[in-house]
Amino acid sequence: MKITTDKNGVSHCELSNGQVGIMYRLPQAVVIKFEGREALLPNEQAALAWMQGKEIECRKERVQNA
């Protein structure tokens, strides 16, 4: 998983399969947009854990399809 943050504070998360999600902060939460869906999480740690879970799923799929 590769994470880059632009000058506006929006983080772009690219998974190993090429899928990209974005994360941005609101005053009380962090929003993740991924696969056409949005998730509202309480903090950045929760958002990173959520994306890490997606990366693990991605790697499991790749192993199963190999």
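Biologist: K54 catches my eye; is this lysine buried or exposed?
Modeller: This is a predicted model, in which local features need pLDDT of at least 70 and side-chain atom pairs count only at pLDDT 80 or more, while totals for chains, interfaces and linings use all residues. Residues are numbered from 1 along each chain as its sequence is written, and side-chain values use heavy atoms, without hydrogens or water. Buried means under 20% relative accessible area, exposed over 50%, and partly exposed in between (1.4 Å probe, protein chains only). K54 comes out at 17%, so the label is buried.

Biologist: Which residues is K54 in contact with, sequence neighbours aside?
Modeller: K54 sits in helix α1; helices (H or I, at least four residues) and strands (E, at least two) are DSSP runs, numbered from the N terminus. Contact means heavy atoms within 4.5 Å. Skipping neighbours within four places in sequence, the partners of K54 are L15, F34 and E35.

Biologist: E35 is on that list, so what is its phi?
Modeller: E35 belongs to the loop between β4 and β5, and its 41% relative accessibility makes it partly exposed. Most residues other than glycine have a negative phi. E35 isn't a glycine, yet its phi is positive, near 55°.

Biologist: How many residues separate β4 and β5 in their hairpin?
Modeller: β4 covers residues 30–34, and β5 covers residues 37–41. The turn of this hairpin includes E35. Between the two strands there are two residues.

Biologist: And how many bridges join β4 to β5?
Modeller: Strands count as paired if DSSP finds at least two bridges between them. In this pair, I32 stands opposite A39, and V31 has L40 as its bridge partner. The strands run antiparallel, and the bridges between them number five.

Biologist: What about the other hairpin with β4: which residue of β4 stands opposite I22?
Modeller: β3 takes in residues 20–25 and runs antiparallel to β4, with four bridges joining them. β3 and β4 form a hairpin with four residues between them. Opposite I22 you'll find K33.

Biologist: Why is β4 called largely enclosed, and how many of its five residues are buried?
Modeller: β4 has β3 joined to it by four bridges and β5 joined to it by five. It counts as largely enclosed by the rest of the structure because of its tally of buried residues, which is four.

Biologist: Which element gives the most residues to the largest nonpolar core?
Modeller: A nonpolar core is a set of buried Ala, Val, Leu, Ile, Met, Phe, Trp, Tyr and Cys residues joined through side-chain atoms within 4.5 Å. The largest one has ten residues: C13, L15, M23, V30, I32, F34, A39, L41, A47 and M51. At least two each come from β4, β5 and α1 (44–65). The top contributor, with three residues, is β4.

Biologist: I32 is a core residue, so which residues does it touch beyond its sequence neighbours?
Modeller: I32 is one of the ten in the largest core, and it stands opposite A39 of β5. Leaving out neighbours within four places in sequence, its contacts are I22, M23, R37, E38, A39, L41, A47, W50 and M51.

Biologist: How far is the C-alpha atom of N8 from that of F34?
Modeller: N8 lies in the loop between β1 and β2 (11–14), and at 63% relative accessible area it is exposed. F34, in contrast, is part of the largest nonpolar core. Their positions are 26 residues apart along the chain, and their C-alpha atoms are separated by 19 Å.

Biologist: In β1, is I3 buried, partly exposed or exposed?
Modeller: I3 is in strand β1, residues 2–5. Its relative accessible area is 36%, so it is partly exposed.

Biologist: Zooming out, in what order do the elements run from the N terminus?
Modeller: The protein has 66 residues, 27% of them buried, and its C-alpha atoms fill a box of roughly 45 × 20 × 20 Å along the principal axes. Among contacts with a separation of 6 or more, 20% link residues 24 or more positions apart. The secondary structure comes to one helix and five strands, and the order is β-β-β-β-β-α.
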